[in-house]
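Student: Could you take me through the aromatic rings of this structure in close detail, and then through whatever else bears on them? I would like one connected account.

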Amino acid sequence: MAARRISSLLSRSLSAYSASPSSASPLLFHGRVIHGRGEGRTIRGFGTNAAVEELVTPPVKISYTQHLINGQFVDSASGRTFPAYDPRTEKVIAHVAEADAEDVDRAVKAARKAFDEGPWPKMTAYERSLILLRFADLVDKHRDELAALETWNNGKPYEQAAKAELPSLARLFRYYAGWADKIHGMTMPADGHHHVQTLHEPIGVAGQIIPWNFPLIMFAWKVGPALACGNTIVLKTAEQTPLTALYAGKLFQEAGLPPGVLNIVSGYGPTAGAALASHMDVDKLAFTGSTETGKVVLQLAANSNLKPVTLELGGKSPFIVCEDANVDKAVELAHFALFFNQGQCCCAGSRTYVHERVYDEFVEKAKARALRRVVGDPFRKGVEQGPQIDSEQFKKVLRYIKSGVESDAKLECGGDRFGSRGYFVQPTVFSNVQDDMLIAQDEIFGPVQSILKFKDLKEVIQRSNTTRYGLAAGVFTQNIDTANTLSRGLRAGTVWVNCFDVFDAAIPFGGYKMSGIGREKGIYSLHNYLQVKAVVTPLKNPAWL
């Protein structure tokens, strides 16, 4: 998924929600209901020129644009900067220090010293947990500023950022704080008179590269488990969205994190990212982004010091609507599965397989739902869809839409730019999509729903699995046997049944095949940041073995 990744967003299932086709549809974020209409005003659907209304001035100041190295905000060694944009307007909102190999090396040296000589790995696990908890409290305190920065730099709806992602950010760090003093090894019997124990030790300096689609959530998925295990970090932000990670770094300083434990650099993949992936003094690498870039990262790590790598990569997730489905509910959930976060989700339900018995009804209602989708300034209440992240992604989505039309998929609605400024794309729905079309094979990463028809379970399992990806899948059915058959037959790291995008701190996330290596979140994420050491000592005249 080209630099990105999903959140710990929806901790409540959407399966219980029944939407009236004529009403504005709510999304459930941690039990909160966000409606498709603003309070006291009506937000119009995408067929209007809502995107060019007077834009809201973001209620936040950009304060941190330098690298955070060894506890200090510093300029790049070269003095160079790069622009950060507001995707609503295509205008520059800040100039951010641009890292190259020299800056990455400074950050790695600071992290190495903090690990080898500093207090962090030598603190008690309980002391580390207290710092993580203080950071979570500061996230709650500064929720509005962080959410506003995220929306301004990324384009996602402010209500989504403030009411879903920021609570998830704090929750994730509290979860990892809880793990910090529960990481331990084992003792085990061995043949002969020996005492055998295992130690779970921090791996050292962790290099981390995060994407632009969920900057703060990905910050938590990477930083939380690494710190809980006692590691130090050099984190590279996505060049499109550097601002919130730097703000979070300042909050970690306030929480009492020692200098050098968390270092944050901003820059481009071929320079800063490559320098981090190939650095000989980085002990472990974690990357979230596109499958193509993941291959490069893995190669750089192997060609340097053979550092272990975890990868969370792209997806082309099937969303399967079975013949027994309540069509209205299925349409609403499938719409959410694809269009959430402007379609910029690695696990988006981007192949909507619908049983032939309900196909025609589903297509008509999916089209109607897309036409009601509220597109506009993401700072306005009730807006469901903001702009794509940047010009490159905007043009990529439009190219895929053109490809769908040229391959004879039926364009039901959308298909063009929305408004006259900013990177807004009309919510787009294709029917009559075939498996060999590019829009059914490639990860579009935009608001483009492709609807395909199927006849039976054996067929849809085979077609769903005929892909290089295996990140996630969705199943919508009232039959428990059907749900069990599909959830076991689909080769994907996550299968959501009658829900979608349910992310909890404890639920592991990752993919099969070319969707990645390893798992994020939950107990599984801790394994990425620990070494296991076996310690064997002789026993003389033991009372027992």
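Tutor: The model is predicted, and a search of the whole structure finds 22 aromatic pairs in it. Take Tyr158 and Phe379 as one of them: the ring centres are 6.1 Å apart and the planes stand at 25 degrees, so this pair is stacked. The cut-off behind that word is an angle under 30 degrees. Along the chain the two residues are 221 residues apart, and the pair links distant parts of it. Tyr158 belongs to helix α4, residues 158–180, while Phe379 is in the loop between α10 (359–372) and α11 (391–406). Phe379 has a relative accessibility of 11%, so it counts as buried, the limit being under 20%.

A second pair is made by Tyr175 and Tyr176. Their ring centres lie 5.4 Å apart with the planes at 75 degrees, so these rings are edge-to-face; that label requires an angle over 60 degrees. Tyr175 counts as buried because its relative accessibility is 14%, and Tyr176 counts as buried because its value is 0%.

Aromatic residues can also gather in a group. Trp221, Phe319, Trp496, Phe500, Phe503 and Phe509 form one aromatic cluster.

A ring may also have a charge over it. The charged end of Lys284 sits over the ring of Tyr529, at 5.6 Å from the ring centre. Lys453 lies over the face of Tyr359, 4.9 Å from the centre of that ring.

Lys284 also leads to a strand, since β12 covers residues 284–288. Strand β12 pairs with β13 in the parallel sense, over 4 bridges. Another aromatic residue, Phe287, has Leu311 in β13 as its bridge partner. Strand β13 runs over residues 309–312 and is covered on both faces. Val309 and Leu311 are buried on one side, and Thr310 and Glu312 are buried on the other.

One more aromatic residue, Trp544, is found in the lining of the second largest pocket. This pocket holds about 200 Å³ of space. Its lining also includes Thr187, Met188, Pro189, His194, His195 and Leu539. Strands β7 (187–188) and β8 (194–202) each supply at least two of the lining residues, and β8 gives the largest share, 3 residues. By type, the lining divides into 7 nonpolar and 3 polar residues, with no charged ones.

Methods
Residues are numbered from 1 along each chain as its sequence is written. This is a predicted model: local features need pLDDT of at least 70, side-chain atom pairs count only at pLDDT 80 or more; totals for chains, interfaces and linings use all residues. Side-chain values use heavy atoms; hydrogens and water are left out. Rings of Phe, Tyr and Trp (its six-membered ring) pair if their centres lie within 6.5 Å; planes under 30 degrees apart count as stacked, over 60 as edge-to-face and the rest as tilted. Buried means under 20% relative accessible area, exposed over 50%, partly exposed in between (1.4 Å probe, protein chains only). A charge sits over a ring if NZ of Lys or CZ of Arg is within 6 Å of the ring centre and within 35 degrees of the ring normal. On a 1 Å grid over the protein atoms alone, a cavity is a set of points where a 1.4 Å probe fits but cannot get out, and a pocket is an open set with protein on both sides within 12 Å along at least five of seven lines; lining residues have an atom within 4 Å of a point. Grid points are joined across faces, edges and corners, and a volume is the space filled by probe spheres set on the points. Ala, Val, Leu, Ile, Met, Phe, Trp, Tyr, Cys and Pro count as nonpolar, Asp, Glu, Lys and Arg as charged, and the others, Gly among them, as polar. Two strands pair if DSSP finds at least two bridges between them.
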